[in-house]
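Biologist: Could you take a close look at one part of this model for me, starting at the surface and working inwards? I'd like the cut-offs spelled out as you go.

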Amino acid sequence: ERLKELVAEGKLLEAQRLEQRTNFDLEMITATGSCAGIENYSRFLTGRLPGEPPPTLFEYLPDNALLFVDESHVGIGQINGMARGDHRRKLTLAEYGFRLPSCIDNRPLRFNEWEAMRPQTTYVTATPGNWEMEQTGGVFTEQVIRPTGLIDPPVEIRPTEDQVQDCINECRKTGEAGYRTLVTTLTKRMAEDLTEFMHEAGLKVRYMHSDVETLERIELIRDLRLGVYDVLVGINLLREGLDIPECGLVTILDADKEGFLRSETSLIQTIGRAARNVDGRVILYADRMTGSMERAINETDRRRAKQL
């Protein structure tokens, strides 16, 4: 049927490609029981109808199961984003004859499907999103006192004039004290240029952003902890899940540039990277106090007051 559709549309190359690929896959399945990309035929193998949710672990969980969503302020939003991104990619594969349209049904759960299938759920995050707060009716349990006894870091605001030079001086002092520094910028270009400038100033420094491969990121963080270098410059990766006890200073450049990278959530998460060290501190470089900065600083001060 799909071949007839492609031929009718005049897509002869796509029809030939699809026919060759599918026949090869069928021969491989007959001969070996599997083929490359066999998951794209999962709809036929599991007997599901087009558009039905794919097989997932949720189908095997008992009714009294408990689901924990860690860093839910990021994870919840990614459920829909993941499904939509996968859908767009599979549409392209089907359109150009690389796969049968059935590949579209080999996908992540959509948000409404996840919502219907999930058991009783606990959301774990330092910065709850609006959706989680709506689901819980605004009721939440705080764990402000850390099991380690460590407290949230003090936050200092400094002017953006000479922020780079001031940041270099602070990085040098922190390195001499035996600690590491995390520096957050707004763009990849700025991260790379700042790394080069700091290197010329005599600092041991590296940068980390989305162009850096995942395995290389792990090596970068390991080398930072081991003291191979003292300063790590990043953009949006120096946030959730980054646990570096050796980090004694976090600096946020252009903290008053309101937006996603300098939102209340982003600032609280970035500030929290300095909360793994008893001597940890944070410097925000800003010429004015934005709403996000004020809320992030007030929340950090509130937690710090309870912890002390």
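Modeller: Let's start with L61, which sits in the loop between α3 (42-46) and β1 (66-70). Those labels are DSSP runs numbered from the N terminus: helices are H or I with at least four residues, strands are E with at least two. Bear in mind that this is a predicted model, where local features need pLDDT of at least 70 and side-chain atom pairs count only at pLDDT 80 or more, while totals for chains, interfaces and linings use all residues. Residues are numbered from 1 along each chain as its sequence is written, and side-chain values use heavy atoms, with hydrogens and water left out.

L61 is partly exposed, at a relative accessible area of 32%. For that scale, buried means under 20% relative accessible area, exposed means over 50%, and partly exposed is in between (1.4 Å probe, protein chains only). L61 joins L57 and Y60 in a nonpolar surface patch, and together they offer about 370 Å² of accessible area. Areas come from the Shrake-Rupley method with a 1.4 Å probe, and for residues only the protein chains shown count as cover. Patch members need over 30% relative accessible area and no salt bridge; like charges are joined within 9 Å and nonpolar side chains (Val, Leu, Ile, Met, Phe, Trp, Tyr) within 5 Å.

Now the sheet. It is open and has six strands, ordered β3-β8-β7-β4-β6-β5, with parallel pairing. β3 (155-158) and β5 (205-208) are the edge strands, each with a single partner, so one side of each has no neighbour in the sheet. On average, neighbouring strands here are turned by 20° against each other, direction ignored. Angles use lines fitted to C-alpha atoms, for helices over the stretch in contact, and run from 0 to 180 degrees between N-to-C directions. Pairing takes at least two DSSP bridges between two strands.

At the β5 edge, four bridges join β5 to β6 (residues 231-234), and the two run parallel. R206 has L232 in β6 as its bridge partner. Helix α9 (residues 214-226) packs on the sheet, touching β4 (180-184), β5 and β6, and its direction makes about 150° with that of β5. Helix α10 (residues 264-271) packs on the sheet too, where it touches β3, β4, β7 (247-252) and β8 (281-285); its direction makes about 155° with that of β7. Contact here means heavy atoms within 4.5 Å.

β4 is worth a pause. Five of its five residues are buried, so the strand is largely enclosed by the rest of the structure. Both of its faces are covered, with R180, L182 and T184 buried on one side and T181 and V183 on the other. β4 pairs with β7 in the parallel sense over five bridges, and with β6, also running parallel, over four. V183 shows both partnerships: it stands opposite T251 in β7 and opposite V233 in β6.

Next, E246, in the loop between β6 and β7. With a relative accessible area of 22%, it is partly exposed. Not counting residues up to four places away in sequence, E246 touches Y179, R180, R225 and N277. G280 is 34 residues from E246 in sequence, yet their C-alpha atoms are 8.9 Å apart. E246 also meets R225 in a side-chain salt bridge at 2.9 Å, N to O. That pair links distant parts of the chain, 21 residues apart, with R225 in helix α9 and E246 in the β6-β7 loop. R225 is partly exposed, at 35%.

A salt bridge means a side-chain nitrogen of Lys or Arg within 4 Å of a carboxyl oxygen of Asp or Glu. By this rule there are 27 of them. One is D105 with R43, whose closest N and O atoms are 2.8 Å apart. D105 lies in the loop between α4 (72-95) and α5 (111-117) and R43 in helix α3, so the pair ties together parts 62 residues apart in sequence. Both D105 and R43 are buried. Another is E142 with K306, at 3.4 Å between the closest N and O atoms. E142 is in the loop between α6 (130-135) and β3, and K306 is in helix α11 (residues 291-307), so this pair ties together parts 164 residues apart in sequence. E142 counts as partly exposed at 36% relative accessibility, as does K306 at 48%. Finally, E156, R158, D166, E170, K173 and R281 are linked in a salt-bridge network.
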